2 protein chains.
Amino acid sequence: MSPDANERTAIDIAEMRSLANFDVTAVKMELRGGEMEWRKRRNIVDIISADSVFDKSQRPFMSRLERYQRAMAMANRIEELREQLKWDEREVDIAYSLCDEPVPLDLHTVAFAPVLSSQASADFLKEYGSLIRYRGVIGAYAQTELGHGSNLLSLETTATFMPKAQEFEIHSPTLTSTKWWIGALGRTATHAVVQAKLLLPSGQDMGPHLFFVQLRSLEDHKPMPGITMGDIGPKTHGGYAATDNGFVRFNRVRIPRSAMLSKFANVTEDGQYVKPPHAKLSYGGMLYIRSIMVSSAGWTLAKAITIAIRYTSVRRQGGPPGQEPQVIKYQSVYYRLLPILARAYVFIFLGRRMHTLFQSMSSRLSSGDTSLLTETHAVTAALKVLTSSSATESIEIARRAMGGHGYSAFAGIGRLYADQLPSTTYEGDNFVLDKQVVRSALKSLRTLRESSSRDSSNLSPSSEYLQCLESSTPLASSWYNPARSISLLQRRAAFLIQNLADNNSEDAGVNQRASKAIAEAFVAARVGEILEGFRRMGIRERDVLRKLFLLYLVITVEDGLADILSFDLLPRDPKTRIRSDPTASLRAIINRLCLELLPNSIGLSDAFGFTDWELDSALGVSDGKVYEALWERAQLEPLNKETVVEGYTEHIKPILQRGQRLSKIQGKL
Amino acid sequence: MSPDANERTAIDIAEMRSLANFDVTAVKMELRGGEMEWRKRRNIVDIISADSVFDKSQRPFMSRLERYQRAMAMANRIEELREQLKWDEREVDIAYSLCDEPVPLDLHTVAFAPVLSSQASADFLKEYGSLIRYRGVIGAYAQTELGHGSNLLSLETTATFMPKAQEFEIHSPTLTSTKWWIGALGRTATHAVVQAKLLLPSGQDMGPHLFFVQLRSLEDHKPMPGITMGDIGPKTHGGYAATDNGFVRFNRVRIPRSAMLSKFANVTEDGQYVKPPHAKLSYGGMLYIRSIMVSSAGWTLAKAITIAIRYTSVRRQGGPPGQEPQVIKYQSVYYRLLPILARAYVFIFLGRRMHTLFQSMSSRLSSGDTSLLTETHAVTAALKVLTSSSATESIEIARRAMGGHGYSAFAGIGRLYADQLPSTTYEGDNFVLDKQVVRSALKSLRTLRESSSRDSSNLSPSSEYLQCLESSTPLASSWYNPARSISLLQRRAAFLIQNLADNNSEDAGVNQRASKAIAEAFVAARVGEILEGFRRMGIRERDVLRKLFLLYLVITVEDGLADILSFDLLPRDPKTRIRSDPTASLRAIINRLCLELLPNSIGLSDAFGFTDWELDSALGVSDGKVYEALWERAQLEPLNKETVVEGYTEHIKPILQRGQRLSKIQGKL
C-alpha cells in the first residue's frame with residue numbers, strides 16, 4: 001500500500017536530503033566560522049534548549065506581560081549560567097541570541113554598554129565598567145522623543161549645567177520631548193544614557209550630548225524622584241512583544257557633573273564647554289549597530305528559508321490524486337525561494353566583512369584617527385537599507401510561498417517578520433538614509449571628476465563602481481561569468497548617479513532606486529571576492545556555492561532591469577524571434593541555476609545548522625512530519641480548553657434562540 | 001510665541017484641509033454610492049460607535065479568547081439591533097462591517113448562506129432558508145483539509161451513500177483529511193457545508209460534492225456524536241484573532257440523503273448519480289467571494305492611506321529646529337503615498353463594476369445560462385490576484401512611510417495588514433491563479449489567431465488588450481492623455497502573452513508578470529471608462545479625480561517598465577542628454593501629478609468619510625493631535641498597571657544583585 005499524505009512527508013524530506021551532492025558539514029563550518037565556534041554554539045544550544053525556562057510551547061498564547069516576564073526569566077537564567085559555567089562574553093551573546101526574539105537585556109549589550117565604553121571618560125568606566133559588564137545595573141539608550149527621531153538637532157530634552165551645585169538638570173519641557181520607544185526603559189532599566197541638549201550657564205545651546213541618568217532605585221526598583229516612566233504599548237504584528245519599549249519624562253532631575261559622557265566633549269567646573277577633537281567621533285555606536293544588522297538579517301533569512309524549503313519539499317499539491325508534485329518543484333515556488341536561500345548566504349558572508357570593517361574603523365577611531373569613518377558610514381548606511389528592506393521582503397515571500405498553512409502562527413515565519421520589520425526604520429529610516437547614500441555618491445563623483453587625472457584606480461570600495469564611467473571594458477558574454485552581472489550592476493549604479501548629477505531630474509523615486517543600485521553594486525563586487533575565497537574548499541562545495549552566489553547576482557540584475565534597460569546597458573539578444581527581448585537569456589539562466597540548485601536545497605538549508613527547537617516551526621520540522629506537528633500545536637490553543645467555549649451562554653445561545661424564534665415568526669407570515 | 005510641536009499638529013492638519021480646492025462632500029457621495037446610502041451608513045455608525053459592546057480601547061491588549069468573546073458579543077448585539085430597529089440585510093451587512101475586523105459570523109454571510117442558496121434544492125431552502133437568514137443556525141463552509149486546499153480532486157473526506165438507511169456517511173479516513181482553517185467552525189458553528197468525495201454503493205468515486213452537516217447540538221452546543229472539533233490556533237501577526245478558524249474530524253457521521261446539496265447534482269434513492277447539467281455550475285460561490293474582494297481591498301486601503309496621509313501631514317522632521325517640513329512634502333514620502341490614495345479610489349470604483357458583473361452572471365447562471373461564466377472567472381481571478389497582492393503591499397508601504405511611530409500598534413495600520421494578508425492566499429493562492437489567468441489568455445490568443453478574419457473587435461473585456469497585436473495605432477504622445485498609459489499597458493500584456501505562446505520560454509517568473517500585466521491592462525481600460533463617467537460631476541471634482549486616476553495609470557506603467565522596455569514599447573526620449581533615457585518624461589509626470597495632488601490629499605482622504613472611531617488610530621486622528629493620542633493610549637497598556645512591574649522580585653532583582661556581587665569580586669581581583 002502506498003503511504004498516506006502524512007507518512008509521505010517524512011519520505012519526501014529524507015529523499016530530498018539524500019540528493020545533496022556536497023558535504024553539508026563542510027559548508028556548515030564555513031557558515032558558522034569553523035568547528036571550534038560551531039561546537040561552542042552547539043554546546044550552549046544543548047544547555048539552553050533543555051532548560052524549561054526557555055520552553056517555547058506556550059509562547060504563541062502568552063500576553064505581553066507574560067512574554068515580558070518570560071524574557072526576564074530567561075535573562076536571569078543566562079546570567080546565572082554565565083556565573084556557573086564561567087561563560088565568556090561570546091558565550092553569553094550566543095545564549096541571548098537563542099532567546100529567539102528581542103529581549104530587554106539586548107539593549108544593554110547593543111546600545112547602552114557600547115556607547116558608554118566609547119564615549120564615557122576613563123574615570124567613569126573605572127567606577128561603572130564592571131557593574132555594566134555584569135548587569136549590576138541594567139541600561140537603556142534614550143534618544144528618540146515623541147516629536148523627533150533621527151533629527152538630533154531638534155530633540156527637546158535639556159541638560160542645563162548648574163555651576164553652584166556642579167550638576168546638570170535633565171528636563172522634559174514639552175509633551176513631545178517625552179523620550180519614546182526606548183527599549184528596556186519601560187519596566188526594566190535602572191539607568192539610561194540620555195541624549196539631551198546641553199545648555200550652558202551662559203544660556204548657550206551646545207546641541208545634543210549624552211548623560212548617564214539613574215532611572216530606578218537599586219533598592220526597590222521604584223522610579224527615581226522626578227521621573228515618570230512606562231511602556232509605550234504593543235507594537236505592529238505583536239513584534240518586540242517581550243521588549244518594554246518605554247517612555248520617560250524628566251521633571252528637573254539633577255545628576256552630577258561627572259554623569260556627562262565626557263571622553264570627547266566636556267563641561268568644566270565653571271561651566272565652560274570643552275569641544276571634541278572631531279565632530280563625528282560620537283558616530284561609532286550607530287555604525288556598530290548598522291554593521292551587525294547585515295549578519296543578523298542574514299541569519300533571520302536563514303531561519304525563514306529553512307522553514308519554507310522544508311515545508312515546500314513535503315507539501316504536495318496539484319495534479320491527479322496520488323501523483324501530486326512537491327510544491328517546491330513548481331517554477332513559481334522555486335523561483336521565489338532559491339534566490340532567498342542565496343540572499344541568506346550572501347548576507348551572512350557579507351556580515352562577516354562588515355564586522356571586520358567596523359573593527360578596523362573602531363580601533364582607529366579610539367586613537368582619534370577618523371580616516372575610515374566616511375567610508376564606513378557610506379557602506380553601513382547603504383547596506384543597512386539594502387539588507388533590512390530585502391530581508392523583510394524576503395521573509396514575507398518565503399511565508400507566502402507556503403500557501404494557506406503559511407498563515408498559521410505555528411508556521412513560525414510571521415514572528416521573524418514582525419521582529420525584523422522595524423529594522424527598516426530604526427537606526428536611520430531607510431528612506432532618509434537613501435538620500436545620504438546618494439549624496440555621498442554624488443560627492444564621490446564630483447571628487448573623481450575634479451581630480452586632475454580623473455584617476456579612478458584609488459576609489460574606495462563604496463564608490464569603485466564609478467570606475468566604469470571612465471574606462472569601459474566589454475561586458476563578459478556569459479551569465480555564468482560573475483563578472484557580467486557585477487559589471488552590469490556597477491554600470492547601472494554609475495549611470496544613475498551620473499544622470500542624477502547632470503540632469504535636472506524630476507524623478508521622485510530616484511534616491512530610492514539609486515541607493516539600492518549603489519548598495520547592490522557594492523555587494524556584487526564583494527560577492528565576486530567571496531567567490532574567489534571559496535578556492536580553499538572542496539570542489540563540490542565550491543561548485544554549489546558558486547551556483548548559489550551566481551543566482552544571487554543574476555536575480556539582482558533581474559530585479560534592476562528597469563534601470564538597466566533604461567540606460568540600454570543590456571545588449572539585445574539576437575536569438576529570440578519576436579521583438580528581440582534582451583532579457584530572455586537572463587531569465588533562462590535564472591531558471592537553469594534554480595533547477596541545478598533544487599536537489600541541493602535541503603542540504604544548503606540544513607547547512608545553516610538550526611535545530612527544531614531553534615526554528616520553533618510546525619512546518620519547518622527536520623523530519624518532515626508537518627501535519628502531525630500542526631495538529632499537536634493546535635491542541636494547545638487555550639480557546640480549546642472547554643468542550644463548549646466560554647461565553648456560549650452569554651453571546652452565542654441568544655443569537656441562535658433569537659434566530660429560531662424569528663424564523664418561526666417569519667415562517668408563519 | 002510660536003506653538004510647540006504638539007500644538008502645531010492641529011494647525012497643520014487644519015491648514016492642509018483648507019487647501020482642498022474641490023467639494024469633498026460631492027466626492028464622498030460618489031464614493032459612498034449616493035446620499036441615501038451614505039446617510040444609512042452614518043446612522044448605523046452613530047448607533048454602533050456609541051454602544052459600549054463595540055468599544056475598541058481595550059482591543060490591543062486582549063487575548064484571543066477575549067477577542068473571540070468580544071466578536072460574539074458584537075454579533076449578538078447586531079442581531080438584537082436588527083430585530084429592534086428592523087434593519088434590512090444591507091443594514092446588517094454595514095453593521096457587521098463596522099466590527100472593523102473579521103468575525104466568525106462573516107463566514108455565515110459570505111460563504112455558508114450563499115453556497116446553500118445557490119446549490120441547495122428548493123425543498124431544502126424551504127425548510128432551512130429562514131433559519132439561515134436569521135442565524136437560527138450558524139454556519140461554516142468546510143472545504144480545505146490539512147493535506148489539501150484548492151485541489152478539490154485530492155480532498156480525502158468521504159461521503160458514502162448507504163442505500164438501506166437512505167443516508168450518507170461522512171468520514172475522515174486520515175489525519176490529513178481533517179478539515180482545517182474552517183472559519184467559525186472551531187468554536188461557533190452549529191452546521192457546516194462540507195466538501196466530500198461522493199462514493200456510490202457501486203464503489204464509484206464521483207468526486208467532490210457538498211453536504212449539509214450538523215456539527216453541534218442546538219440544545220447545549222456540544223459536538224454531535226462522531227465529531228471532533230477545535231480551533232487551529234493563532235494566525236500570523238495576530239490576524240483574524242477573533243475568528244475561530246477550526247478543524248473537524250468526522251468519524252462515520254450519518255446524515256440524511258436530503259442533506260446533499262442537490263440543486264444540480266443528486267443521488268437517487270437507489271444510489272444512482274444524477275449529473276449536473278453543466279460541470280461548472282458550482283463555481284458561483286467562489287466567484288462571489290472573489291468579486292467582493294476588489295471593493296474590500298479598496299476600502300481597507302482607504303483606511304490605511306487616510307491614516308498615513310493625516311500623520312505625515314502633521315509630522316515634521318528634518319531641517320533646522322522650528323523649520324522642519326511636514327514629512328508628506330518630501331519626495332520620498334508623497335511618491336509613496338499618493339499612488340496608494342489613487343489605488344484605493346480605483347479599487348473602490350472597480351469593485352462596483354465587479355459587483356455588477358457578478359450579478360449579471362449569477363442571474364444568468366440560476367437559469368442554467370453559463371455564457372458569462374468563463375469571462376467572469378477570467379476577470380475575477382486576475383483581479384483577485386492583483387488587488388489582494390497590491391493592497392497588502394500598499395498597506396505596508398503606507399505604514400512604513402510613517403517612520404518610527406508607524407511600528408506602534410496604535411498606528412492602526414498593522415492590524416489592517418494582518419487581516420488583509422491571507423487574501424493573497426485564500427480563495428485561490430495568487431501564484432496558482434496566475435497560471436490560470438495566463439492559460440486563459442493563451443486560449444484567447446489561439447482563438448483569435450484561429451478565427452478566419454482574425455477579427456479582434458468582439459473580444460471580451462478580459463482579452464481586449466490582444467487587439468493591439470492585430471492593429472497598431474500610434475501611441476498618444478502626452479502622458480496627460482490616459483490613452484497613452486492604457487495602450488502601453490495593453491501592449492505589454494499582449495506582447496508577454498504572444499512571446500509566451502511563440503517562444504519556448506525558460507522564464508520562471510513569467511506567469512506572475514504576465515498575469516499582473518493582463519490584470520493591469522484590464523483595469524487600465526476600466527479606469528479610462530470610469531474617467532468618462534465623471535463627466536456628470538462638477539469641474540473641480542472631475543479635475544482632481546482625473547489627476548488621481550492618471551496618477552494610477554502612470555504609476556502602473558512605471559511599475560511595469562522592465563517588460564515595457566524589454567519589448568521596446570516606449571519611444572526613446574530625444575530630450576535627455578546623457579544616454580537617452582526613455583523613462584525620464586514618465587518619471588517627471590509622476591512627480592508633477594503628485595505635486596498637483598498634494599494640496600488635495602487631506603481632502604481626498606477625508607472624502608472616504610471615516611470617523612476616528614472607524615479608523616481607531618492614534619496617528620490618524622482627524623484633528624491632527626497625534627502625540628496626545630499616542631500618550632493617552634500608552635497609559636492603558638496593562639504592563640504599566642503596577643509601579644514596579646510584576647516579576648521584579650523573581651527575575652530582575654536577582655540579575656542586579658548577582659551583577660553587583662560579581663562586579664565587586666571583579667573589582668577586588
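Let me start with a pair inside one helix of chain B, where the side chains of B:Glu520 and B:Lys516 meet in a salt bridge, with 3.9 Å from N to O. This is a predicted model, so please take every distance I quote this morning as a value computed from predicted coordinates. Both residues, B:Glu520 and B:Lys516, belong to helix H15 of chain B, and they sit four residues apart, about one turn of the helix. The general background is that an α-helix has 3.6 residues a turn, so residues three or four places apart point the same way. The two partners do not fall into one accessibility class, since B:Glu520 is buried at 6% relative accessibility, whereas B:Lys516 is partly exposed at 33%. The N to O distance of 3.9 Å for this pair falls within the 4 Å that the salt-bridge criterion allows.

Staying with helix H15, which covers residues 510-533 of chain B, I would next point to B:Glu529, because its salt-bridge partner, B:Arg353, lies in helix H9 of chain B, and the pair thereby ties together parts that are 176 residues apart in sequence. The side chains of B:Arg353 and B:Glu529 come to 2.7 Å, N to O. Here both ends are partly exposed, with a relative accessible area of 31% for B:Arg353 and a relative accessibility of 34% for B:Glu529.

A further link of this kind in chain B reaches back towards the beginning of the chain, and it is formed by B:Arg316 and B:Asp12, whose closest N and O atoms are 2.8 Å apart. B:Asp12 lies in helix H1, residues 5-18, while B:Arg316 lies in the loop between helix H8 (284-314) and helix H9 (331-366), so this salt bridge ties together parts that are 304 residues apart in sequence. The arginine, B:Arg316, is partly exposed at 21% relative accessible area, but the aspartate, B:Asp12, is buried at 1%.

If we turn to chain A, we can look at the residues with the corresponding numbers. A:Asp12 is placed in helix H1 of chain A, residues 5-18, and is buried, with a relative accessible area of 1%. Its side chain is joined to that of A:Arg316 by a polar contact of 2.8 Å. Leaving aside residues up to four places away in sequence, A:Asp12 touches A:Ser313, A:Val314, A:Arg316 and A:Gln326.

Taking the salt bridges as a whole, the count over all chains comes to 102. Some of them share partners, and in chain A such sharing joins A:Lys56, A:Arg59, A:Arg67, A:Arg70, A:Asp100, A:Glu101, A:Lys303, A:Arg415, A:Asp616 and A:Arg633 into one network.

That brings me to the contact between the two chains. Chain B and chain A bury about 13,600 Å² between them, and 58% of that area is on carbon and sulfur atoms. The contact takes 160 residues from chain B and 160 residues from chain A. Between the chains the count is 12 salt bridges, and one that joins chain B to chain A is the pair B:Glu506 and A:Arg592, at 3.0 Å from N to O. There are also 46 residue pairs in polar contact between chain B and chain A, counted with both residues at pLDDT 80 or more. On the side of chain B that touches chain A, the largest share, 15 residues, comes from helix H22, residues 648-668 of chain B. Sorted by class, that side of chain B has 58 nonpolar, 55 polar and 47 charged residues.

A word on helix H14 of chain B, residues 482-502, whose 21 residues reach 30 Å from the first C-alpha to the last, close to the 30 Å expected at 1.5 Å a residue. This helix is mostly covered, with 18 of its 21 residues buried.

Finally, which backbone angles might you want to inspect on the screen? In chain A, A:Gln166 has a phi near 55°, a positive value in a residue other than glycine. A:Gln166 is found in the loop between strand E2 (158-162) and strand E3 (167-171), and it is partly exposed at 24%. A:Asp568 likewise has a positive phi near 55° without being glycine. A:Asp568 lies in the loop between helix H17 (561-566) and helix H18 (584-597) of chain A, and at 42% relative accessibility it counts as partly exposed.

Terms used
Residues numbered from 1 in each chain as written. Chains lettered and ligands numbered in written order. Predicted model: local features only at pLDDT ≥ 70, side-chain atom pairs only at ≥ 80, totals over all residues. Heavy atoms only, no water. Helix = DSSP H or I, 4+ residues; strand = E, 2+ residues; numbered from the N terminus. Expected span 1.5 Å × (residues − 1). Buried < 20%, exposed > 50% of the residue type's maximum accessible area, 1.4 Å probe, protein only. Contact = heavy atoms within 4.5 Å. Buried area = accessible area lost by both parts, 1.4 Å probe. Polar contact = N/O pair within 3.5 Å; in protein donor to acceptor, adjacent residues only side chain to side chain. Nonpolar A, V, L, I, M, F, W, Y, C, P; charged D, E, K, R; others polar.
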